[in-house]
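Please find below a colleague's note on the structure, arranged as numbered points for reading beside the coordinates.

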Amino acid sequence: MAGHGGAPALLAMAALLAAAAWVRAEPKGEQLSIDLIGKNEVYGDTRHEVNVYVKVSTNSPFLVCMDLALSQEKIIDPKYLWIGPDGRNLKGQSSAELAEPGKLVLVAFRESMSGAYSCTLAHRVIEATTQEETEIVEAYKFMVYAYREADHAYQVFVRFSTSHCRLRANTLYFETLKQILNRTISHLKCHITESSCKCHSIRTPKQGLQHELFVNFQVHPFAPGLEEVCHKVPDDCEDVTNMRVQQATEQIGKFFLQLRDALKHQVEAVPAIQFVENSFSMTPIDSCRPGFGKDQHSHQNCASCCVVCGPGTYSPNNEVTCRTCAWARVRVYGAKSCN
């Protein structure tokens, strides 16, 4: 079908798009978040502080007031003293559970609970031959940080061949494509944003002058209706949104595969606008909640997650970087402004 038959071609293509769009992928189970600790106990070290990362609203692993080597030995008359970031004894505080002797669990961890937790272990050593007693005092420091999973979105790129850049059907085709893709992923409470379409003329040695539509858009969660979903799991909503936006992007990828197959096997007349095979690609885009950011240098063991902004820094938006306060000293963790 020639370029002058743009309207019939567009209608045929729209029908194909609609047919492909409503074939949904099978729902997948929720993905488990990465276990950043690796085990449920974190031992101290007298030589340096130990960094611990705790997901917001979850309990911390057991912080153990001794090093791994000492845990394999007998300890005589041990006494433990845990001090929180505010300098107060943690015994009796609702946010801290002193479980087994020498083990601390921080309950329902929040960003404001981040900071330095120290423990002092005092115990006796008895010399075997003389029975002489010596008191040993050892100090351990844990830097505990709240973190969240990064919020994911995806940048999608795809191309379509067209008979001419001035074809009037190009714009209508692009708008129809967006509408169908939005319908395809609406049940996941995701939507298409930041969309654009540009036509370029491309000359190749073998095929001469060709015209292609360069389409790009972002797949985002937080479409209308997600608030109700997040209300059921307010603390872990990023897990829900990340799972849904990944499923939405997978369905869009499947849609373009179906479109490719439809063009190969189900279209008798060649439409004026065609999907360019193997042109579909997607790139993840991460963002952090206000008060959180990424820092691969300071938090190498939690490089992929959003760690609470430390004192002296803040994050007012969904960027991935904590900014430094230039004119005011912020003394709290998770600041959203310098005030």
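**Nonpolar cores and strand pairing**

1. In this predicted model, the largest nonpolar core comprises 38 residues, and those with the most contacts inside it are Leu63, Leu106, Phe142 and Val144. Two or more residues each come from E1, strand E2 (50–55), E3, E6, strand E7 (115–126), strand E8 (133–148) and strand E15 (306–308). The greatest contribution to this core is that of E8, which gives seven residues.

2. A further core, of 29 residues, lies apart from the one just described. Phe174, Leu181, Ala272 and Phe275 are among its members.

3. Which residues does Leu106 touch, once those up to four places away in sequence are not counted? The list consists of Thr58, Asn59, Ser60, Leu63, Ser95, Ala96, Met113, Tyr117 and Val144. Two of the residues named here, Leu63 and Val144, are also listed with Leu106 among those having the most contacts inside the largest nonpolar core.

4. An open sheet is formed by four strands in the order E1-E3-E6-E5, with mixed pairing. Its edge strands are strand E1 (41–43) and strand E5 (96–98), each of which pairs on one side only. On average, and with direction ignored, neighbouring strands of this sheet are turned by 25° against each other.

5. Within that order, strand E3 (residues 62–64) and strand E6 (residues 103–106) are paired in the antiparallel sense over two bridges. Val64 is placed opposite Lys103 in E6.

6. E7 takes part in two antiparallel pairings that deserve separate mention. With strand E4 (residues 76–83), E7 pairs over six bridges, and Tyr80 stands opposite Leu121 in E7. With E8, E7 pairs in the antiparallel sense over 12 bridges; the bridge partner of Thr120 in E8 is Ala139.

7. How many residues lie between the strands in the hairpin of E7 and E8? There are six, and in this hairpin Gln131 adopts a positive phi near 60°.

8. Some totals for the whole protein complete the note. The secondary structure comes to four helices and 17 strands. Of the 339 residues, 41% are buried. Among contacts between residues at least 6 apart in sequence, 66% join residues at least 24 apart. The exposed area of the protein is about 18700 Å², of which carbon and sulfur atoms supply 51%.

Notes. Residues numbered from 1 in each chain as written. Predicted model: local features only at pLDDT ≥ 70, side-chain atom pairs only at ≥ 80, totals over all residues. Heavy atoms only, no water. Pairing = 2+ DSSP bridges. Axes fitted to C-alpha atoms, helices over the stretch in contact; angles between N-to-C directions. Buried < 20%, exposed > 50% of the residue type's maximum accessible area, 1.4 Å probe, protein only. Contact = heavy atoms within 4.5 Å. Areas by Shrake-Rupley, 256 points an atom, 1.4 Å probe, with all protein chains shown as cover. Core = buried A, V, L, I, M, F, W, Y, C linked by side-chain atoms within 4.5 Å.
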